[in-house]
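Here is a short note to read alongside the structure. Take it one point at a time, and keep the 3D view open as you go.

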Amino acid sequence: MVKHTDVARSASVQLASPQHFELPELGGISREQVEVHLKLYDGYVAALNGLRKLEADLSQDVEKNALALDGAHRRCAFEFNGARMHELYFRQWEHKAAGLAPGGILGTALTQQYGSTAAWEEEFRTVAKTRGIGWTVLHYDREQDLFLNVWVDEHHIGQHAGVPIVLAMDMWEHAYMVDYTPAEKADYVDAFFRNLNWSVMEGRFAKLR
Ligand SMILES: [Fe+2]
C-alpha cells in the first residue's frame, strides 16, 4: 500500500542551489585555500541534491528499499549541514573585515554574559581546540537568553536543538591545510578571526533579539 507521505515525497524533489559569496582577499588565508574550500562546499550542495533524488526514487517502494532508505535518511543531516554550515562560514568574511564593536548589540550582550568580548573569544578558542574534525559554533539560546560555545563533530553531531548560530568556524583540516599544517591550526584560527566582518554576526544576532 502506498502511504500519503510516500506520494508527497515522490511528487516533487526540492533541490538546493549553491550560493555565491563576495569574498575579498583574506589575510593569512590564501585564494587557493578559499577556492579549494568553495569546491568542497559545492560538493555538499550536489550531494544533498543527489540524496533528495535518491530518497524520492527509493520511496517508490518503501518496503523493498527499507534498508537503503534508512541509510539515506540518516545521511540527510550530514549533507544538509555540510552545505548550510559553509554558507554561514563564508558569509562571515564577505565584503571586508570589520571588528566587533564592544558597545554594539552583540558586543554588549557578550560582555554581559562573559565579562568581556575577549573572555568570550578565549572560551570560543578553547572549544576550537577539541580534537577531531568539526565546527566551533557560537549559539544564542533565546529560551534562556544565553550564548553557548559549542563543538560540533563533522557537520551535525552535537548540534543543539532550537538554538540559532551566530558564528560558525570550520575546524575540518580541509579549511586550512593549503596554508597551515595541523600543528599550526591556531594560526588558522587567528586568520579566521582577523578577517571576520562582524557586521554579519551583529545582523544575525539583531534578528534574534
Ligand atoms: Fe569546510
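1. A definition helps before we start: two strands are said to pair if DSSP finds at least two bridges between them. Please also keep in mind that this is a predicted model.

2. Let's begin with strand E1, residues 134-141. Which way do E1 and its neighbour E2 run relative to each other, parallel or antiparallel? E2 covers residues 146-153, and the two strands run antiparallel, joined by eight bridges. One of the pairs to look for is Asp141 in E1 with Leu146 in E2.

3. The turn between these strands deserves a look. E1 and E2 form a hairpin with four residues between the strands. In this hairpin, Asp145 takes a positive phi near 50°.

4. E1 has another partner, strand E3 (residues 165-170). This pairing is also antiparallel, with five bridges joining E1 to E3. Here you can find Trp135 bridged to Asp170 of E3.

5. How many of the eight residues of E1 are buried? The count is eight of eight, so E1 is largely enclosed by the rest of the structure. As for side chains, a general rule is that in a regular strand they alternate between the two faces of the sheet.

6. Asp170 brings us to the iron ion, since the OD of Asp170 is among its protein donors. The others are the NE2 atoms of His37, His86 and His174, and the donors lie 1.9 to 2.2 Å from the iron ion. Angles among the four donor atoms are 88 to 133°, and the site is tetrahedral. For comparison, the ideal angle for four tetrahedral donors is 109.5 degrees.

7. Now follow the donors along the chain: their spacing is H-x48-H-x83-D-x3-H. His86 in helix H3 (residues 66-91) and His174 in the loop between E3 and helix H6 (185-194) are 88 residues apart, so this pair links distant parts of the chain. Because its relative accessible area is 0%, His86 is buried. His174 also counts as buried, because its relative accessibility of 18% is under the 20% limit.

8. Finally, try helix H2, residues 31-58. At 1.5 Å a residue, its 28 residues should span 40 Å, and the end C-alpha atoms are 40 Å apart, so the two values agree. The buried residues of H2 include His37, Tyr41, Tyr44 and Leu48. Leu54 also lies in H2, but at 41% relative accessibility Leu54 counts as partly exposed. The C-alpha atoms of Leu54 and Asn195 are separated by 39 Å.

Note on methods. Residues numbered from 1 in each chain as written. Predicted model: local features only at pLDDT ≥ 70, side-chain atom pairs only at ≥ 80, totals over all residues. Heavy atoms only, no water. Buried < 20%, exposed > 50% of the residue type's maximum accessible area, 1.4 Å probe, protein only. Expected span 1.5 Å × (residues − 1). Donors = N, O, S within 2.8 Å, 3.2 Å for Na, K, Ca; no water. Tetrahedral: all angles 85-135°; square planar, octahedral: opposite > 155°, others 65-115°.
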